Each structure stands twice: as C-alpha cells, then as structure tokens.
Amino acid sequence: MIYRTITKIIKAFFGSILLLVLTPWTNSQTICSLKDKNLEKCLVNSVQGVIPVLVKGLPKYGVFPLDPLHIDILDLSDAPGKTLNVKHKFKNVDLFGLQSTNVRKVSVNKKKTEIRVDAIMKEPITLTGFYESEGKLLSFPIKGDGRFNITLVNLKAALTMSGHEIKKNNKIYIHMDTVRFPFTVDRLLLNFENLLKGNKEISESLNNILNENWEPILDDMRDSFESAIGAAFKEIANRVFSKVPVSDLIKDY
C-alpha cells in the first residue's frame, strides 16, 4: 500500500529532476567538467539549483509544478506482506514538501559508467487526498473510504545508476543497466478516515495499529518498492541518455 503509493510519486519527482539536470533547461544551469578539481561540489550545486525550477514547473517541457505535486488517481494492486494485504485506490492526491529536497552528494564514475545522487528531505513529506480500500491489516478486515494523510519524516535516499557506453555517429551515449534506490525514514505517520465503513471507533483503532506497526509495514514492502523505483529511474534515464550524448551533459567526458 504505502510503498507503491510513494513509488509513483517519487518516480515523477526524481524523474523530473533527472530530466532537468541532464538537459539545459535554463541559461543559468551549470554544466560541470570531469577535470574540475571541485567536481562533486559543482554537481551538487547543479542538481540543487534545479529544485526551485521544478517547484515552479516548466509546462512548456511537460514539467508541472511539483510542490504541491498533484496526482489524479493511484490505482494500486494487492500489497504483499505479513502485516498488510490491501487493495487501495487513491484519488486527488496532493504531495507537499518536495521543495525541501537537500542534495548531499553527487558523483560520476567514468570507469564504471556510474552516477550517484544522495539527498535528504529537510521537511516532512505529506500526502493527502481520498482513498478506497479493501483487504486485511493483520487479521482485521478493512473496507472503507474517505480522506487520508501519510507523512514521512526525514526521508533519506540514494540513487545509483550503472551502465555502459555506446558509440553512435562518433559520439558517446550511455545506457543504464541497473538502477538502485535504497532509502530510510525516521518515522511514518498514517491516518485513514473510515477504514471500517460506518464504525468510527474501530477505524481509529485500526489507524493506531497502522502507526504502531509502521516499521514492519514498510519492511514488508521494501524490496518491491526499491525494485519498482529502480525500474522507473532506469526507464527515465535511458530515455534521456539515448537521445543526448554524454559530452553534452558533462564536459570532458
């Protein structure tokens, strides 16, 4: 439930960051050089510099305002796991807090054809909207609909992309073979109104169970979440890298 929701949202956000960083959207954007003695600092500044652009959006290029980020529908299948087995549909979702993204480290390894971006959200990430659900939480049946709120506290993530070079028309392009996206959060806060339709008292009890068991709930979904995120970034990265020579993205590559 929770991981697949976040998967789609982070895919949209970090995918947009990748597109902005790898394409000269603005005249002020810095293009770094591999020969720069302060390469890591240049890369961090370059990536961090596109965050305000993302927040405002660039409709001309299909990049819409991302804080809040609006998603009409998230239709989710069963979430496998020991704690949760629930079907969920989220509607009119708004996500707040992406403008607080703080890029901590960016590195490029030419020999390994590897790119890594480490980031932390300085403010909690909050998702709000409406949901419909049916399934089981532990042994408790769930069938309800209403408003929901999901808050992730101190989210830290690392995106690592590894691949190989391809020569086309005397220019070098990159194809990413593997993408990894490990992450951590310090706390997950959950609130779903009317989890058991028509029974407010039991619904509140179910929310308490969710919040008391937030760590095993996340652990249930960790592998599938990180795999889904990796696949999303791989698709986005290769769509960009197949069209733009790496020398246009990083000087002296």
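**Burial, a disulfide and a buried threonine**

Of the 253 residues in the protein chain, 47% are buried, as computed from a model that is predicted. The chain contains five helices and ten strands, and its exposed surface comes to about 12900 Å², of which carbon and sulfur atoms supply 50%. Among the contacts in the protein chain with a separation of 6 or more, 69% are accounted for by residues that stand 24 or more positions apart.

The count of disulfides in the model comes to one. This link is formed by Cys 32 and Cys 42, whose sulfur atoms lie 2.1 Å apart, and with -95 degrees about the S-S bond the link is left-handed. Cys 32 is found in the loop between helix 1 (2-21) and helix 2 (39-49), whereas Cys 42 belongs to helix 2, so the pair ties together parts that are ten residues apart in sequence. Both cysteines can also be described by their accessibility. Because buried means under 20% relative accessible area, Cys 32 counts as buried at 4% relative accessibility, and Cys 42, at 13%, counts as buried as well.

A further buried position is found in strand 3, which spans residues 101-109 and includes Thr 101. The relative accessibility of Thr 101 is 2%, and this residue therefore counts as buried. The side chain of Thr 101 reaches the backbone oxygen of Leu 98 at 2.8 Å, so that this pair falls within the 3.5 Å cut-off for a polar contact.

Definitions and conventions. Residues numbered from 1 in each chain as written. Predicted model: local features only at pLDDT ≥ 70, side-chain atom pairs only at ≥ 80, totals over all residues. Heavy atoms only, no water. Helix = DSSP H or I, 4+ residues; strand = E, 2+ residues; numbered from the N terminus. Buried < 20%, exposed > 50% of the residue type's maximum accessible area, 1.4 Å probe, protein only. Polar contact = N/O pair within 3.5 Å; in protein donor to acceptor, adjacent residues only side chain to side chain. Disulfide = S-S within 2.5 Å. Contact = heavy atoms within 4.5 Å. Areas by Shrake-Rupley, 256 points an atom, 1.4 Å probe, with all protein chains shown as cover.
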